[in-house]
Amino acid sequence: MMHQQIADWYPMLEKVVSTPTAWLLSTADRIAVTVGVPEGSLPFEKYKVFIEAILLSFLLYVVLGVCLKLVSGILRWGHVALNTRHVPSVSSLEHRGKEGNTLRALIDRYIVVPLFGQALVLAKGCPWEHMYRWVTDRSLVKFRVLHRTGIIVGDPKGMKRIFQTGYKLYDKDLDFSYGPFLPILGTGLVTANGKHWQKQRLLMAPALRIDMLDAILPIAKRASERLSEKLETLRGKRVAVDIEEEFRLLTLQVIGEAILSLGPEECDDVFPSLYLPVMEESNRRVLAPWRYLYPVQAYQYSSRVKKLDTFIKGIIRQRRAERKRQGDAYVQKDVLDKILDSVDKGGTVWNAAAETQLCYEIKTFLLAGHETSASMLTWTIYELARGDGKAASKVREEATRFLKKPATLQRENVEKMQWTLSCLKESLRKYSVVPVVTRDLNKDDELCGTPLPKGSWIICHLQRVHHLYKDPLAWKPDRFMPGGEYDSFDDDIRPYMFLPFIQGPRNCLGQYFALIEARVVLGSLCEKFSWSLVDPKTQGVTHPTVIPIGPVGGLDVYVE
């Protein structure tokens, strides 16, 4: 019977592949004629069967792959849906936030939600704001996007389970949230799981030890001075400066010099034209996956990734050659040298695969080293500019005491800038520049007292946890001063009440790097300048679709 079905399908498959085969053969004939070969003199027809066989094999491979993926998805999400029926779910009234509209609720309950789940709601407005509303007043809640069931967690005890005590059960979500970043970050630390993640973590960790924190201070100071020179020319002239864009460039300069010993001009030439557009497109693809199909954007994206890889691999090869040439006389320069030391000591065989992996890690450092730092600095300037001047005055006092003289630019002194650090932390808390983090559960587990099946898609709502503070929408740096609100939380949940860098074994390796850099930059600038918003009434709206979250339209300020 199966043979008969195949026989019935074969003529149709043959017809499907015969058309492109005929086109290929006629194109080959036209090319031959163009270069002077008489028409029909080349035996292209002999290869017709061969070409059809290749096309048919490729077609079957694609169809089979799609079918297997569909079956796998049906089994996974069917299993998750059946085994999460006990989890509280978003009701038809809640999912739009229009509890008074009975007619709309009925339409949602009987038509929209059964067909689409919460997909149509999430497609409009800000997805994490909808999720925030759904998980408010609960530890966790279930929602659905078409066939896919998600569990939103907004409780610090749940975060502790995911990030600390049960972290091996919660893998990175590579097929949704991290998927669009795989072409640029590959199998780097941000996207790695399991044993590969452990290996790479051990390899990368020595590169950001205490001595690297000391090395970042003069780099951050020089970058601040370059920006100060630019801002000085605009002081008092009422010329708008997009301080968010300036911080993006500055933090790329800092990380570029710290990792690869690149000068500021080279950073400005390469990263804004190659790295930043790729990250922006990856961000867009998370919520708009159809952008993969746009031919122009797809070509530009892959072209930029290749150029960036070529640039970074060129630096790696040049550095390895330099280290080999100088031998024991070679003096370490930056993070790349520290990583290469770890590679050599670990006995890693150096080949094309090792070079590609190191390229992934360098790009991961670039991502982790500038995006959060730039957003954190931007929101802090926004709050200082709209405030009464008292917070800015305290930042200025610390900068004068600990940064003004070269002799005082030491890590021990910078770490005494507690108020400046509290301002930065409060900006990270209030604005939650990374509002959600997603995980895939690889084994049955219990979360917040609720059993969850293997395969569950977990959305860790960091913003919800950050808004469990008193008066959460107010910007109050005192929360993070000694004896402040943060210190008042119970010991077992305190680390999970502030999660901009995650917690536990998978926490961000560069968090201390980012915070010490930001203290130097913010202090240096506030010691020299004050700020005012160009349009206080409209500025400061959080971006609804881009992570890390920045202000819509940037942040234009006047320098005073």
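Author: Welcome! Buried means under 20% relative accessible area, exposed over 50%, and partly exposed in between (1.4 Å probe, protein chains only). This is a predicted model, in which local features need pLDDT of at least 70 and side-chain atom pairs count only at pLDDT 80 or more, while totals for chains, interfaces and linings use all residues. Residues are numbered from 1 along each chain as its sequence is written, and side-chain values use heavy atoms, with hydrogens and water left out.

Reader: Thanks! What do the buried residues of helix H8 line?

Author: Helices (H or I, at least four residues) and strands (E, at least two) are DSSP runs, numbered from the N terminus. In H8, residues 194-204, the buried residues are Trp197, Gln200, Arg201, Leu203 and Met204. Seen down the axis, they fall within an arc of 160° (taken from the directions from the helix axis to the C-beta atoms), so what they line is one face of the helix.

Reader: Which exposed residues does H8 carry on the face turned away from its buried side?

Author: An α-helix has 3.6 residues a turn, so residues three or four places apart point the same way. On H8, the face turned away from the buried side carries three exposed residues: Lys195, Lys199 and Leu202.

Reader: How far apart in space are lysine 345 and leucine 203, C-alpha to C-alpha?

Author: Leucine 203 is one of the buried residues of H8, whereas lysine 345 belongs to helix H14, residues 335-345. Lysine 345 counts as exposed, at 75% relative accessibility. The two are 142 residues apart in sequence, and their C-alpha distance in space is 9.7 Å.

Reader: Which helix gives the most to the nonpolar patch?

Author: Such patches are made of residues with over 30% relative accessible area and no salt bridge, with like charges joined within 9 Å and nonpolar side chains (Val, Leu, Ile, Met, Phe, Trp, Tyr) within 5 Å. Here the patch covers about 870 Å², and its residues include Leu103, Tyr110 and Leu146. Phenylalanine 116 is another member, partly exposed at 32% relative accessibility. With seven residues, the helix that gives the most is H3.

Reader: Let's turn to the sheet. Which are its edge strands?

Author: The open sheet has five strands with mixed pairing, in the order E1-E2-E8-E5-E3. Two strands pair if DSSP finds at least two bridges between them. Those that pair on one side only, and therefore form the edges, are E1 (140-145) and E3 (170-172).

Reader: Is E2 buried or exposed?

Author: In a regular strand the side chains alternate between the two faces of the sheet. For E2, residues 148-153, one side holds Arg148, Gly150 and Ile152, and the other Thr149, Ile151 and Val153. Six of the six residues have little access, so E2 is largely enclosed by the rest of the structure, and its residues are buried.

Reader: Do E2 and E8 run parallel or antiparallel?

Author: On one side, E2 pairs with E1 in the antiparallel sense over six bridges, with leucine 140 opposite valine 153. With E8, E2 has four bridges, and glycine 150 stands opposite tryptophan 457 there. The direction of E2 and E8 is parallel.

Reader: Which residue stands opposite threonine 438?

Author: Strand E5 (residues 436-441) and strand E8 (residues 457-461) run antiparallel and are joined by five bridges. The partner of threonine 438 lies in E8, and it is isoleucine 459.

Reader: Which residue takes a positive phi in the hairpin of E1 and E2?

Author: This hairpin has two residues between the strands. The phi in question is near 55°, and the residue that takes it is leucine 146.

Reader: Now for charges. How many salt bridges does a search of the whole structure find?

Author: A salt bridge is a side-chain nitrogen of Lys or Arg within 4 Å of a carboxyl oxygen of Asp or Glu. One of them joins aspartate 491 to arginine 494, with the closest N and O atoms 2.6 Å apart. Aspartate 491 is exposed, with a relative accessible area of 60%. The search of the whole structure gives a count of 30.

Reader: Which helix holds arginine 323, the residue linked to aspartate 344?

Author: Aspartate 344 and arginine 323 form a salt bridge whose closest N and O atoms are 3.4 Å apart. Lying 21 residues apart, they link distant parts of the chain, with aspartate 344 in H14. Aspartate 344 is partly exposed at 45%, while arginine 323 is buried at 13%. The helix that holds arginine 323, residues 295-326, is H13.

How values were computed: Areas by Shrake-Rupley, 256 points an atom, 1.4 Å probe, with all protein chains shown as cover.
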